[in-house]
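Hi,

Here is the structure I said I'd pass on. Have a look at it first, and then read my notes underneath.

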Amino acid sequence: MLRFIVGGLGLILLAGGTSLDRASLQGAEPAEVKTADTPLIPRRQFFGNPEKARPRLSHDGKQLAFVAPEEGVLNVWVAPADDLSKAKAVTHDRHRGVMAYSWAYTNEHLLYTQDKNGDEDNHVYCITLATGEIKDLTPIAKIAAEIDSVSEKFPEEILIGINDRGGREYHDIYRVNIITGEKQLVQENPGLAGFMTDDDYRVRFALNYTPDAGQVYLKPTKDGDWKEFMKIDAADGMTTSPAGFDKTGNLLYFMDSRERDTAALTTIDLTTGEQKVLASDPRADISGALAHPTEKTIQAVSFTYARTEWKILDPAVQPDFDYLKTVADGEIQITGRTLDDKRWTVAYLMDNGPIRFYIYDRPEKKATFLFTSNTALEKLPLVKMHPQIIKSRDGLNLVSYLTLPKDADPDQDGRPNKPLPLVLNVHGGPWSRDDWGYDPEHQLWANRGYAVLSVNYRGSTGLGKKFINAADKEWAGKMHDDLLDAVNWAVEQKIAQKDKVCIMGGSYGGYATLVGLTFTPKVFACGVDIVGPSSLVTLLSNPPPYWMPFMPVMKLRVGDHISEEGRKFLESRSPLNFVDKIERPLLIGQGANDPRVKQAEADQIVKAMEEKKIPVTYMLFPDEGHGFARPENRFAFYAVAEAFLAEHLGGRVEPIGDAFEGANVKVPSGVEQVPGLEEELKK
C-alpha cells in the first residue's frame with residue numbers, strides 16, 4: 001500500500017528484509033567477562049530486548065506509550081506523559097512480543113499489527129485503554145492485513161487493507177470502526193498493486209505495475225472505472241512515487257527522479273498540473289520528511305548519503321532544530337508530534353551507545369529526557385562506526401561503514417594498527433540500505449576482535465536511480481563484484497587479513513553469502529547465511545501471494561523464471577547449482593515459517609551439501625519467520641555463530657553456556673562442526 005506518514009516519508013518495498021532491527025535490539029542485563037584490555041562483552045547485551053523503546057505521545061499529549069519487557073517479552077506500556085513511574089503494560093504477549101504500535105486519534109486506543117511465529121499472517125489489533133480489551137479487527141485466517149490510513153477527522157475509524165479474496169494476492173480497502181469492529185468496504189481491488197487514500201478516506205489513486213516493470217498511476221472515475229494519471233518507466237520505478245497530500249487534498253507530494261538521478265521531493269498541483277521541486281540532493285534520494293500534523297505542509301526534509309542531514313523548508317521549525325542540536329549528540333529523529341504541535345518526541349541515534357529519547361516542549365524550547373533504550377550499553381566499551389566511500393571497479397561510489405575493535409584502533413581514526421580478520425556483513429533486500437548508527441552485529445564482532453564492514457552495493461536504495469538500476473540482473477554478478485571490491489579495498493588499506501574474511505548476512509545477504517562460497521570459493525574463509533535463498537528459480541516460483549503484483553519488477557530486476565531462457569539465466573546465478581565448488585565452512589540459520597524465503601531454500605542446499613559430503617551446520621527455528629524475533633532464539637544463533645567464527649577466523653569467544661535456554665531450535669546437520677555445540681545440545 002502507498003501511504004503518507006506524518007513525520008516521515010518512506011518507500012515500502014515488497015521484497016527482502018533484514019534479519020535484525022537495530023533499534024529493537026538495544027537491551028539486556030549488565031555483565032562483563034574480563035579477558036583482555038577490552039572486556040569481553042556478553043552477547044546478551046547486544047541481542048536482548050531493549051529496556052524501553054519507541055516512546056510516542058498520544059495525540060493530545062497527555063499519555064506516553066512505549067515498548068518494554070513484561071516477564072521478559074516486549075509489550076506496550078502506557079503512562080501519564082509526565083510520570084513514567086505510573087506506567088502499566090497494556091499488552092501481555094508471552095511469546096514473540098509486540099514490536100510496533102500507534103495511537104488512534106481517540107487518544108483512548110492503541111493499534112498494532114502482529115502475526116504468529118513469523119508467518120506474516122498479520123492481523124490488526126485495537127487496545128481499549130480504559131478496559132484493557134484487545135480486539136482483533138481482522139479476525140480472518142491467512143491474511144496479511146495492513147493499516148492503510150489513520151485520520152484525525154475520523155478518530156474512531158481507520159482504513160485497513162485486507163487480502164481475503166481468491167488467491168489473496170490483492171488487498172481490498174475497508175473502513176473499520178476500532179471500537180465495534182464493524183467494517184465497510186471502501187474499495188474492492190480489481191487487480192491492482194495498491195491504493196492511495198487521503199485524510200477524508202477517499203481513494204485518490206491506484207498503482208499497478210506494467211508488464212515491462214514500469215508503473216502506472218490511475219485515478220478513479222465517477223462511473224467506478226479507472227483512468228490513467230501518470231506513467232513511470234522502469235528506470236524511475238524505485239525512485240519515483242506519490243507520497244501524500246496537503247490539508248486541501250489538492251496538492252500532491254511526489255518523490256521524483258525523472259530528468260535527474262536522485263529522488264527530489266516535489267509538489268504537483270492537481271488542479272493545474274504544475275509541479276515544483278521542494279528539495280533535492282545530487283548525492284542521495286530524499287530519505288525523510290517532517291510534516292505539520294494538521295496542515296500537512298512539509299517543514300523539513302532529510303537526505304542520507306553517508307550520514308543523515310536535515311534541510312529546513314519552513315522557518316517556523318528552524319529554532320526548534322537549532323535548539324535540539326544542543327540537547328544531545330547523535331542524529332536527530334522527530335518520531336512524533338501532538339495534534340496541537342506543542343510537544344514532540346525526539347530520538348538521538350548514536351553509533352557507540354543506546355538511543356536517547358526526549359519529550360520536547362516547543363513553546364518552552366525545552367527537551368526533557370525520558371530514557372535510553374538500554375542503560376547497560378552506556379557502561380560498555382563500544383566503538384565508533386566509520387563511514388567509508390569505496391570505489392567499485394567500474395567507478396561507482398559504494399557508501400560503506402567500518403567498525404574496528406577498540407584495542408586495534410586506540411585513536412579511533414578508522415584504521416587498525418595491524419590487519420585484522422574481517423566480517424563482511426551484507427544487508428538484505430537488496431532494495432534497502434545500510435546506515436550509520438548503533439549496530440549490534442558490528443559491536444559484537446568488533447568486540448571479538450574482528451573488523452566489520454557493511455557495504456551499500458549497487459541495488460541499495462537511497463543513492464539514486466542509476467545506482468539501483470546498475471543492479472538489474474546482476475545478482476551474483478556485479479553486485480557480488482562490489483562486495484569483492486570492498487574486501488580488496490580493506491586488504492589494500494591494511495584493515496583486513498586476506499585469508500581471514502567471513503561473509504555473512506540475512507535475506508539477500510544470505511544469498512550473497514552462498515554466492516561468495518560457490519562463485520568465489522577461495523575468497524572467504526567461511527560464511528554465515530541467515531534466511532537466504534539458495535535458488536533464484538525456486539525463490540521466484542514460490543512467492544507469498546502478496547508479492548504477485550510486484551513480480552514484473554522481480555522479472556526485470558532479478559530474472560524471468562517463466563521462460564526457458566530466463567530459467568537458464570537464473571540457474572546460472574543460483575548457488576544451489578554450484579554446491580560442489582564450496583571449499584569453506586558454512587553456517588545456515590532459517591525460520592521454519594518464513595513466507596518469503598521458505599524453509600525449502602535452506603533444506604535443499606543442506607541436502608545437496610550432505611550428498612556431496614561437504615560440511616555444513618544448519619540451525620532451524622520452528623517459531624521464526626524471515627529473521628529471528630525472539631531474543632532466546634537470537635541468543636542461541638549468535639552463540640553458535642560466535643563459536644563458528646572463532647574456529648575459522650581466530651577471534652575471541654564467549655562460551656555457548658546457557659545460550660540455548662528458552663530457545664526453540666533444531667540442528668539437523670553439522671552439530672559436530674562447531675566447537676562446544678554438541679555438548680550443549682546434550683544438556
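Below is what I found, going from the whole chain down to single residues.

Before anything else, keep in mind that this is a predicted model.

**Overall picture**

The chain contains 12 helices and 36 strands. Its radius of gyration is 24 Å, and since a compact globule of 683 residues would come out near 26 Å, the value agrees with a compact globule. If you want to set up a box, the C-alpha atoms fill roughly 65 × 60 × 45 Å along the principal axes. Of the 683 residues, 60% are buried. As for contacts between residues at least 6 apart in sequence, 56% of them link residues at least 24 apart.

**The cores**

The largest nonpolar core is made of 86 residues, and Leu424 and Leu453 have the most contacts inside it. Helix α5, which spans residues 478–492, is the element that gives the most to this core, with 7 residues. What does Leu424 touch once residues up to four places away in sequence are set aside? The list is Leu453, Val455, Leu483, Val487, Cys502, Ile503, Met504 and Phe524. There is also a second core, separate from that one, with 43 residues, including Val531 and Phe637. Met619 and Val671 belong to this second core too.

**A four-stranded sheet**

Next, a sheet you can trace by eye. Four strands make an open, antiparallel sheet in the order β17-β18-β19-β20. Its edges are β17 (241–245) and β20 (275–279), each of which pairs on one side only. Ignoring direction, neighbouring strands here are turned by 30° against each other on average.

In the middle of the sheet, β18 (residues 251–256) and β19 (residues 264–269) are joined in the antiparallel sense by 6 bridges. To get the register, look for Asp256 opposite Ala264 of β19, and for Tyr253 opposite Thr267 in that strand. On to the next pair: β19 and β20 run antiparallel and share 4 bridges, with Thr266 standing opposite Val277 in β20. The hairpin of β19 and β20 has 5 residues between the strands, and Gly273 there takes a positive phi near 85°. How much of β19 is buried? The strand is mostly covered, with 5 of its 6 residues buried.

**Helix α3**

Is α3 enclosed or open? All 8 of the 8 residues in this helix (residues 440–447) are buried, so α3 is largely enclosed by the rest of the structure. The buried residues include Glu441, His442, Gln443 and Asn447, alongside others such as Leu444 and Trp445. At the N-terminal end, Asp439 acts as the cap, with a side-chain oxygen 2.9 Å from the backbone nitrogen of Glu441. After the helix comes Gly449, which has a positive phi near 105°.

**Two buried loop residues**

The first topic here is Ser392, in the loop between β28 (385–391) and β29 (397–403). Ser392 counts as buried because its relative accessibility is 6%, and the cut-off is under 20%. A polar atom of the Ser392 side chain lies 2.8 Å from the backbone nitrogen of Leu396. Beyond its neighbours within four places in sequence, Ser392 is in contact with Leu398, Arg458, Asp482 and Asp485.

The other is Val579, found in the loop between α9 (564–572) and β34 (586–591). With a relative accessible area of 1%, Val579 is buried as well. Which residues does Val579 contact, leaving aside those within four places in sequence? They are Thr518, Ile605, Ala608, Met609, Lys612 and Ile614. For a distance to check in your viewer, the C-alpha atoms of Val579 and Gly650 are separated by 26 Å, with the two residues 71 apart along the chain.

That's everything from my side. Shout if any of it doesn't match what you see on screen.

Cheers

Conventions:
Residues are numbered from 1 along each chain as its sequence is written. This is a predicted model: local features need pLDDT of at least 70, side-chain atom pairs count only at pLDDT 80 or more; totals for chains, interfaces and linings use all residues. Side-chain values use heavy atoms; hydrogens and water are left out. A nonpolar core is a set of buried Ala, Val, Leu, Ile, Met, Phe, Trp, Tyr and Cys residues joined through side-chain atoms within 4.5 Å. Buried means under 20% relative accessible area, exposed over 50%, partly exposed in between (1.4 Å probe, protein chains only). Contact means heavy atoms within 4.5 Å. Two strands pair if DSSP finds at least two bridges between them. Axes are lines fitted to C-alpha atoms, for helices over the stretch in contact, and angles run from 0 to 180 degrees between N-to-C directions. A polar contact is a pair of N or O atoms within 3.5 Å; within protein, one must be able to donate a hydrogen and the other to accept it, and residues adjacent in sequence count only if both atoms are side-chain atoms. The radius of gyration is taken over C-alpha atoms; the globule rule is 2.2 Å times the number of residues to the power 0.38.
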